[in-house]
Structure formats: structure tokens, C-alpha cells
Amino acid sequence: MSDSPPSQISPESAPESAATDNRSAKTRQLLGMKGAASGETSIWKIRLQLMKPITWIPLIWGVVCGAASSGNYVWNLENFSIAAACMLMSGPLLAGYTQTLNDFYDRDIDAINEPYRPIPSGLISIPQVVTQILVLLAAGIGVAYALDLWAGHEFPTMTVLTLGGAFLAYIYSAPPLKLKQNGWLGNYALGASYIALPWWAGQALFGTLDPTIMILTLFYSLAGLGIAIVNDFKSVEGDRQLGLKSLPVMFGISTAAWICVLMIDIFQAGIAGYLIAIHQNLYAVILLLLIIPQITFQDMYFLRNPLENDVKYQASAQPFLVLGMLVAALALGRAS
Ligand SMILES: C/C(=C\COP(=O)(O)OP(=O)(O)O)CCC[C@H](C)CCC[C@H](C)CCCC(C)C
């Protein structure tokens with residue numbers, strides 16, 4: 001038996017553990033996650049940190065779902081390169097633009113809550129941040145326009161979606177609307193921009209963006225609203241003091257947690273119901289089966305202690321939700 005319990009760090013292993021912690025804090029910093037290290041000096045790493053790469057993933061996944069639901073995606077080099085360009089537009093360029101803009105408008109509040117963020121810590125100047133916002137937006141619009149040309153769109157759908165998304169990002173973060181201050185509007189804007197908008201982009205690129213897909217994905221985005229509410233539990237005290245009307249502030253922790261899980265489950269089940277209605281029964285059953293582990297994790301973690309288990313719940317349940325999106329998209333692609 002060793003002298004010290006395994007959970008204790010021996011003096012010899014302390015430097016190793018500190019180095020591991022430091023590496024993990026650096027990675028969190030680059031990905032734009034909370035609990036990041038501060039003091040980065042490379043301007044490119046600081047710029048990347050502002051673009052929060054961790055948030056690009058749902059946008060990229062949404063494009064995959066749109067391409068799948070178009071029913072027209074064929075695996076070849078050309079389609080793959082075009083899909084990759086659409087992912088570049090949605091993730092690094094437009095989500096990057098959105099996150100930089102959000103940090104720009106949140107700089108005063110971040111000075112209190114997350115002083116290590118690049119703007120409040122003075123690692124990057126305001127003119128440099130504004131330039132980054134404009135360059136990312138211009139590049140996003142440029143790629144969208146090129147994609148419209150490639151797809152031969154008579155109506156520039158990709159460009160219009162990009163301009164719409166950029167406007168939504170603006171009213172989400174900037175006064176006077178600042179949608180994020182309202183639990184329902186802000187979280188629905190988040191849900192829709194992470195599920196519906198990139199889905200529409202992938203669909204429009206490889207097929208036709210019709211009202212059915214638009215309404216279905218806006219319906220699916222209500223499950224995304226539920227997912228977005230999960231993130232509000234971490235900042236409930238700060239939000240209350242600042243007068244932000246998040247759902248946990250408006251309804252209390254326990255009711256908000258129930259609203260959150262019911263939205264996640266009911267709207268995914270609603271999509272499964274639609275798949276049954278269009279005779280995609282196998283896909284509907286798979287989607288329903290994917291909701292079961294989510295309900296299990298809601299019961300095991302989230303509903304028991306939303307304040308402590310929010311991150312654990314997201315990490316365990318979200319893979320099933322995103323897999324369900326792809327299942328639904330494939331079913332819609334088959335039915336088209
Ligand atoms: C800035 C966003 C989330 C951060 O919110 P918050 O400030 O509450 O959280 P932190 O305190 O943790 O920072 C995301 C806002 C998304 C926005 C409503 C719209 C995004 C638009 C898309 C990126 C555009 C995609 C268009 C395309 C696919 C054609």
C-alpha cells in the first residue's frame with residue numbers, strides 16, 4: 001500500500017500536476033472556455049481566444065445536418081470542398097464574428113466576471129477588436145456570396161442568411177435590444193442560430209430551402225432553447241444582481257430546470273412524431289431511443305442539482321441530442 005491516498009498529490013508529482021493544470025488552462029484559453037489561463041502574449045492566439053473556437057462546433061454540425069437533409073449530397077471532392085467552405089463560413093468566420101462582437105459589448109461586465117478575457121485584461125486594443133469583427137464579417141459575407149455563385153442561386157440565399165445571422169448576432173449582444181437580457185428571446189435566438197441557421201445554409205447549398213425545413217428546424221430550435229437554458233444556471237447570482245431575466249432568475253432553480261428538460265425532450269419527441277407522419281418510422285424510433293439517455297442524465301444529474309451538474313449534464317447528454325439531429329436530417333433527406 002502506498003503511504004498517501006491516490007487522491008493526494010505527492011511532492012514529487014506536484015510539478016507534473018501543476019504543468020498539466022497549466023496546459024489545460026492554456027487549452028481552455030485558446031478554445032475560449034471559462035477557467036482559462038491569462039497572460040497570453042501572441043496576438044494571433046489572443047484573436048483566436050476572442051473567436052471562442054469551442055462554439056464553432058454546433059454551427060459546423062448544423063451544416064452537416066443541412067447537407068444531409070437536402071437529400072442531394074453526394075460524396076465527391078467538389079461537394080466536400082464546398083461543404084468545408086460552408087463550415088468555414090459558419091464556424092470560424094461567422095461564429096468567430098459573433099463571439100468577438102459579444103466580447104466587445106460585454107467588456108464592462110467581463111471586467112467583473114471574467115477579467116482574464118482578452119479585452120478587459122488589456123491584451124488587445126479596442127481598434128484591433130473592431131478590425132477583427134469587420135474582417136470576419138466581410139470574409140463571411142464573401143464566402144457566402146461565392147457559395148451562392150457555386151450553387152447557381154438566382155436569389156442569393158447564402159448571402160441573405162449570412163446577413164440575417166450577422167444582424168441577429170448584433171441584436172443579441174448590442175444595446176438597445178440586447179436579446180441576451182431576456183431568458184426566452186435570448187435563448188431562442190441562441191437555439192435557432194445553432195440549429196436552424198446552419199442547417200438552412202447546408203440545405204440551401206445542396207438542395208432547396210423550403211418552408212417545411214424552415215419550420216421544422218425552428219421547431220427543433222425550441223429543444224436548442226432548452227439546451228441554452230442549461231448555461232444560465234452557472235451565472236444565476238450574477239444575473240440576478242444585474243437584473244438579467246434568465247429563466248432561473250425568473251422562475252427559480254427547480255422550475256427553470258424542469259422547463260429546460262421538458263423543452264429538450266418534448267421538441268425532440270415532436271420531431272420524431274413528424275418523422276412517423278412522413279413514414280420514416282425507423283429514423284423516428286432511433287431518434288426516440290436517443291432521447292432516453294438524455295432523460296436518464298437529466299434524472300441522474302441535472303434535475304438533482306442543476307447548479308453543480310450543469311456541465312456534467314451537457315457533456316453526457318449533448319452527444320445524444322446532436323446525433324438525433326443527424327438522424328432527423330437523414331430521414332428528411334430520404335423523404336425529400
Ligand atoms: C454570443 C453568443 C453566445 C454568448 O452568449 P453570452 O454572452 O450570454 O454568454 P457568455 O457570457 O458565456 O459569453 C452566441 C450568439 C448567437 C447569435 C444570436 C447569432 C449567431 C449567428 C450565427 C453565427 C450566424 C450563422 C449564419 C450562417 C450559418 C448562415
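Let us start with the aromatic rings. In this predicted model, the count of aromatic pairs comes to 13. One of them joins Phe-104 and Tyr-105. Their ring centres are 5.0 Å apart and their planes meet at 85 degrees, so the pair is edge-to-face, a label given to planes over 60 degrees apart. Are these two residues buried or exposed? Phe-104 has a relative accessible area of 14% and is therefore buried, since the limit is under 20%. Tyr-105, with a relative accessible area of 26%, is partly exposed.

A second edge-to-face pair is formed by Phe-233 and Phe-302. Here the distance is 5.2 Å from centre to centre, and the angle between the planes is 90 degrees. Where do Phe-233 and Phe-302 lie? Phe-233 is in the loop between α10 (211-230) and α11 (236-242), whereas Phe-302 belongs to helix α14 (residues 281-302). The pair therefore ties together parts that are 69 residues apart in sequence. Phe-233 counts as buried, at 1% relative accessibility, and Phe-302 is buried too, with a relative accessible area of 0%.

Rings can also join in a group. Tyr-73, Trp-75, Phe-80, Trp-150 and Phe-206 are linked by ring pairs into a cluster.

I turn next to charged side chains and rings. Please find Phe-104 again: Arg-107 lies over the face of its ring, 4.4 Å from the ring centre. Arg-47 is placed over the face of Trp-44, and there the distance to the ring centre is 5.8 Å.

Now I come to helix α14 once more, where we find Gln-294. This residue is buried, because its relative accessible area is 1% and the limit for that word is under 20%. Which residue does the side chain of Gln-294 contact? Its partner is Gln-268, and a polar contact of 2.9 Å joins the two side chains.

The next topic is the ligand. How many residues surround the ligand? There are 19, and the closest are Lys-52, Thr-98, Asn-102, Tyr-172 and Lys-180. For some of these we can give a distance between polar atoms. In the side chain of Lys-52, an N or O atom is 3.1 Å from an oxygen atom of the ligand. For Asn-102, a polar side-chain atom lies 2.9 Å from a ligand oxygen. The side chain of Tyr-172 likewise has an N or O atom at 3.1 Å from an oxygen atom of the ligand. How much of the ligand does the protein bury? Taken alone, the ligand exposes 760 Å², and the protein buries 88% of that.

Which elements give two or more residues to the shell around the ligand? They are α4 (77-105), α7 (157-173) and α8 (183-194). The largest share comes from α4, which gives seven residues.

Finally, let us set the model beside the database record. An unreviewed UniProt entry lists residues 54-75, 81-101, 122-147, 153-172, 184-201, 213-230, 251-276 and 315-333 under "transmembrane region". We may look at two of these spans in the model. Residues 81-101 are 100% helix and 0% strand, with the end C-alpha atoms 28 Å apart. Residues 213-230 are also 100% helix and 0% strand, and there the end C-alpha atoms lie 26 Å apart.

Notes:
Residues numbered from 1 in each chain as written. Predicted model: local features only at pLDDT ≥ 70, side-chain atom pairs only at ≥ 80, totals over all residues. Heavy atoms only, no water. UniProt positions renumbered as here; feature names shortened; annotations may be inferred. Helix = DSSP H or I, 4+ residues; strand = E, 2+ residues; numbered from the N terminus. Phe/Tyr/Trp six-rings, centres within 6.5 Å; stacked < 30°, edge-to-face > 60°. Buried < 20%, exposed > 50% of the residue type's maximum accessible area, 1.4 Å probe, protein only. Lys NZ or Arg CZ within 6 Å of the ring centre and 35° of its normal. Near = heavy atom within 4 Å. Polar contact = N/O pair within 3.5 Å; in protein donor to acceptor, adjacent residues only side chain to side chain. Areas by Shrake-Rupley, 256 points an atom, 1.4 Å probe, with all protein chains shown as cover.
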